[in-house]
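Visitor: I am new to this structure and should like a close look at a single part of it. Please choose one contact between charged side chains, and then show me what surrounds the subject.

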Amino acid sequence: MFLLAGPLPGSAAELVGFSDHRFRPGTIVIRNSERRLYLVLRGNRAIRYKVAVGKRRKAWTGQAQITAKYLRPDWSPSAEVRRDFPNLPDVIRGGAPNNPMGVAAMTLSNGNYAIHGTNRPGSIGRAVSYGCIRMANHDIEDLFQRVGIRTPVVALP
């Protein structure tokens, strides 16, 4: 189903073959088991990015759309995160080194989830989040420029 075609210039993303005809060009497909995000292109191709996904019992599957896009977003911990880390501040301002959203974020229509950068690049490729999809900051910057509001997002197991 996927054939490596090579890295994109200046990025960790790769241009790959993609022949899953369930998904139209312009769709973001997240494969939780692979810890990869695909932006489907025309011509049976996709751009593939390494991502961090939700930890056990936190990864989401299903369909959503991008509802908003933010550069240097502020972050407020969800109630679940606050239960696990009660000493976190109410808000961490965008651009702060301890802000887990990284350089950009795109919120999703499925609740409190987003596709965003990270201040922990070592987490990429692992199942570590509370459900959000984390990308390396240079990769979220690339994807951010390629997609718009209402872009469909499908998360598979």
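Guide: In this predicted model, the side chains of R93 and D74 come together in a salt bridge, with 2.7 Å from N to O. The two partners belong to distant parts of the chain, 19 residues apart: D74 is in the loop between β6 and α1, whereas R93 is in the loop between α1 and β7. R93 is exposed, because its relative accessibility of 53% is over the 50% limit. D74, at 41%, counts as partly exposed, because that value falls between 20% and 50%. Side chains of opposite charge can pair when their charged atoms come close.

The structure holds 8 salt bridges. Bridges with shared partners join D20, R22, R31 and E34 into one network. Within this network, D20 meets R22 at 2.6 Å, N to O. D20 is buried, since its relative accessibility is 7%, while R22 is exposed, with a relative accessible area of 58%. D20 also forms a salt bridge with R31, where the closest N and O atoms are 3.4 Å apart. As R31 lies in strand β3 (residues 28-31) and D20 in the loop between β2 and β3, this pair ties together parts that are 11 residues apart in sequence. R31 and D20 are both buried.

The loop that holds D74 deserves a second look. R72 also has its place in the loop between β6 and α1. The phi of R72 is near 50°, a positive value in a residue other than glycine. Most residues other than glycine have a negative phi. R72 is exposed, because its relative accessibility of 55% is over 50%. Another residue with a positive phi is R150, at about 75°, although R150 is not a glycine. R150 is found in the loop between α2 (137-146) and β11 (152-156), and is exposed, with a relative accessible area of 60%.

Charged side chains meet aromatic rings as well. The charged end of K55 sits over the ring of Y130, 4.2 Å from the ring centre. In the case of K69, the ring beneath the charged end is that of F144, with 4.4 Å to its centre.

Y130 leads to the largest pocket. Y130 is among the residues that lie nearest the centre of this pocket, together with W75, V81, P100 and R134, in a lining of 33 residues. The elements that each give two or more residues to that lining are α1 (79-84), β7 (104-108), β8 (114-116) and β9 (127-129). The largest share, 3 residues, comes from β7. The lining consists of 18 nonpolar, 10 polar and 5 charged residues, and the volume of the pocket is about 860 Å³.

Aromatic rings also pair with one another, and the count comes to 2 aromatic pairs. F18 and Y38 form a tilted pair, 5.6 Å centre to centre and with 45° between the planes. Since F18 lies in strand β2 (residues 14-18) and Y38 in strand β4 (residues 36-41), the pair ties together parts that are 20 residues apart in sequence. F18 and Y38 are both buried. W60 and Y113 make a stacked pair, with 6.2 Å between centres and 15° between the planes. This pair links parts of the chain that are 53 residues apart, for W60 is in the loop between β5 (45-54) and β6 (62-71), and Y113 in the loop between β7 and β8. W60 is buried, because its relative accessible area of 7% is under 20%. Y113 counts as partly exposed, with 23% relative accessibility.

To return to F18, the relative accessible area of this residue is 4%. The C-alpha atom of F18 is separated by 9.0 Å from that of I47, although the two residues are 29 apart along the chain.

Methods
Residues are numbered from 1 along each chain as its sequence is written. This is a predicted model: local features need pLDDT of at least 70, side-chain atom pairs count only at pLDDT 80 or more; totals for chains, interfaces and linings use all residues. Side-chain values use heavy atoms; hydrogens and water are left out. On a 1 Å grid over the protein atoms alone, a cavity is a set of points where a 1.4 Å probe fits but cannot get out, and a pocket is an open set with protein on both sides within 12 Å along at least five of seven lines; lining residues have an atom within 4 Å of a point. Grid points are joined across faces, edges and corners, and a volume is the space filled by probe spheres set on the points. Helices (H or I, at least four residues) and strands (E, at least two) are DSSP runs, numbered from the N terminus. Ala, Val, Leu, Ile, Met, Phe, Trp, Tyr, Cys and Pro count as nonpolar, Asp, Glu, Lys and Arg as charged, and the others, Gly among them, as polar. Rings of Phe, Tyr and Trp (its six-membered ring) pair if their centres lie within 6.5 Å; planes under 30 degrees apart count as stacked, over 60 as edge-to-face and the rest as tilted. Buried means under 20% relative accessible area, exposed over 50%, partly exposed in between (1.4 Å probe, protein chains only). A charge sits over a ring if NZ of Lys or CZ of Arg is within 6 Å of the ring centre and within 35 degrees of the ring normal. A salt bridge is a side-chain nitrogen of Lys or Arg within 4 Å of a carboxyl oxygen of Asp or Glu.
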